[in-house]
Amino acid sequence: QVRLVESGGGLVQPGGSLRLSCVASGYGLSSFAAAWFRQAPGKEREFVSAISWNGASTYYADSAKGRFTTFTDNTKLYLQMNSLKPEDTAVYYCAAGYRGEDTTLFSRFYSLLSSYRYWGQGTQVTVSS
């Protein structure tokens, strides 16, 4: 079974930046659709961003637009987070292994938890002064 591992979380002041990374054991993520989700204390896990096969398209939650960027290299998935706010504090998870047989429907289903087979353990991001 594929294992995903996130890294790069930590404590940052408001307005600061962090870059999160996600790697799949034995697999390069650049050729696969993938996504980032986050979960704050007492809240449901929510969609942050997604990237389609070979990085052809990217998608962002309204809360992330203009501040976050997701991209891949040959092996890893990244989430570059700029202008961080206290409300960005959460555990961030990467997800991969799109379940859909029809890849043309990714534009409809990219934001759903159920769209992904594999999940990481999460990395904590805390934005506080």
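1. N54, in this predicted model, sits in the loop between β5 and β6 (58-60). With a relative accessibility of 60%, N54 counts as exposed, since the cut-off for that class is over 50%. The backbone deserves a look here as well, for the phi of N54 is near 60°, which is a positive value in a residue other than glycine.

2. S83 can be read alongside that residue. It is found in the loop between β8 and β9 and has a positive phi of about 50° although it is not a glycine. Its relative accessible area is 42%, so S83 is classed as partly exposed, the class that runs between the 20% and 50% limits.

3. A further loop position is E44, placed between β4 (34-39) and β5 (46-51). E44 is exposed, its relative accessible area being 69%. Once the neighbours within four places in sequence are left aside, E44 is in contact with R38 and Q39.

4. Turning from loops to strands, β3 covers residues 18-24, and because five of its seven residues are buried, it is largely enclosed by the rest of the structure. Strand β1 (residues 4-7) pairs with β3 in the antiparallel sense over four bridges, and within this pairing L4 stands opposite A24. Strand β8 (residues 76-81) also pairs with β3 in the antiparallel sense, here over six bridges. In that pairing C22 has L77 as its bridge partner in β8, while V23 stands opposite K76.

5. S21 gives a residue-level view of strand β3, in which it lies. Its relative accessible area is 13%, so S21 counts as buried. Not counting residues up to four places away in sequence, S21 touches V5, E6 and S7, together with W36, and also K76, L77 and Y78. In a regular strand the side chains alternate between the two faces of the sheet.

6. Strand β8 resembles an enclosed element in its own right: five of its six residues are buried, and it is therefore largely enclosed by the rest of the structure. Besides its pairing with β3, β8 pairs in the antiparallel sense with strand β7 (residues 68-72) over five bridges, and F68 stands opposite M81 there. With three residues between them, β7 and β8 form a hairpin.

7. The aromatic side chains merit a separate point, as the count comes to 12 aromatic pairs. In one of them, Y59 and F106 have ring centres 6.0 Å apart and planes at 70°, so the pair is edge-to-face, the angle lying over the 60 degrees that this label requires. This pair links distant parts of the chain, with Y59 in strand β6 and F106 in helix α1 (residues 106-109), 47 residues apart. Both rings belong to buried residues: Y59 has a relative accessibility of 19%, and F106 has a relative accessible area of 2%.

8. How are the rings of Y59 and Y110 arranged? Their centres are 4.1 Å apart and their planes stand at 20°, so the pair is stacked, stacking being assigned to planes under 30 degrees apart. Here too the pair links distant parts of the chain, since Y59 is in strand β6 whereas Y110 is in the loop between α1 and β10 (116-119), 51 residues apart. Y110 is buried, with a relative accessible area of 18%. Y59, F106 and Y110 are members of one aromatic cluster, which also includes F37, F47, W53, Y98, Y116 and W119.

9. The largest pocket has a volume of about 160 Å³. Its lining consists of V2, L4, A24, Y27, L29, F32, A33, W53, A96, G97, Y98 and Y118. By class, the lining has 11 nonpolar residues, one polar residue and no charged residues. The largest share, three residues, comes from strand β9 (residues 90-98).

10. Several lining residues have already appeared in this note. L4 and A24 are both among the lining residues, and L4 stands opposite A24 in β3. W53 and Y98 are likewise among the lining residues, and both belong to the aromatic cluster.

Key. Residues numbered from 1 in each chain as written. Predicted model: local features only at pLDDT ≥ 70, side-chain atom pairs only at ≥ 80, totals over all residues. Heavy atoms only, no water. 1 Å grid on protein atoms, 1.4 Å probe; cavity = no way out; pocket = protein on both sides within 12 Å on 5 of 7 lines; lining within 4 Å. Points joined across faces, edges and corners; volume = space filled by probe spheres on them. Helix = DSSP H or I, 4+ residues; strand = E, 2+ residues; numbered from the N terminus. Nonpolar A, V, L, I, M, F, W, Y, C, P; charged D, E, K, R; others polar. Buried < 20%, exposed > 50% of the residue type's maximum accessible area, 1.4 Å probe, protein only. Pairing = 2+ DSSP bridges. Contact = heavy atoms within 4.5 Å. Phe/Tyr/Trp six-rings, centres within 6.5 Å; stacked < 30°, edge-to-face > 60°.
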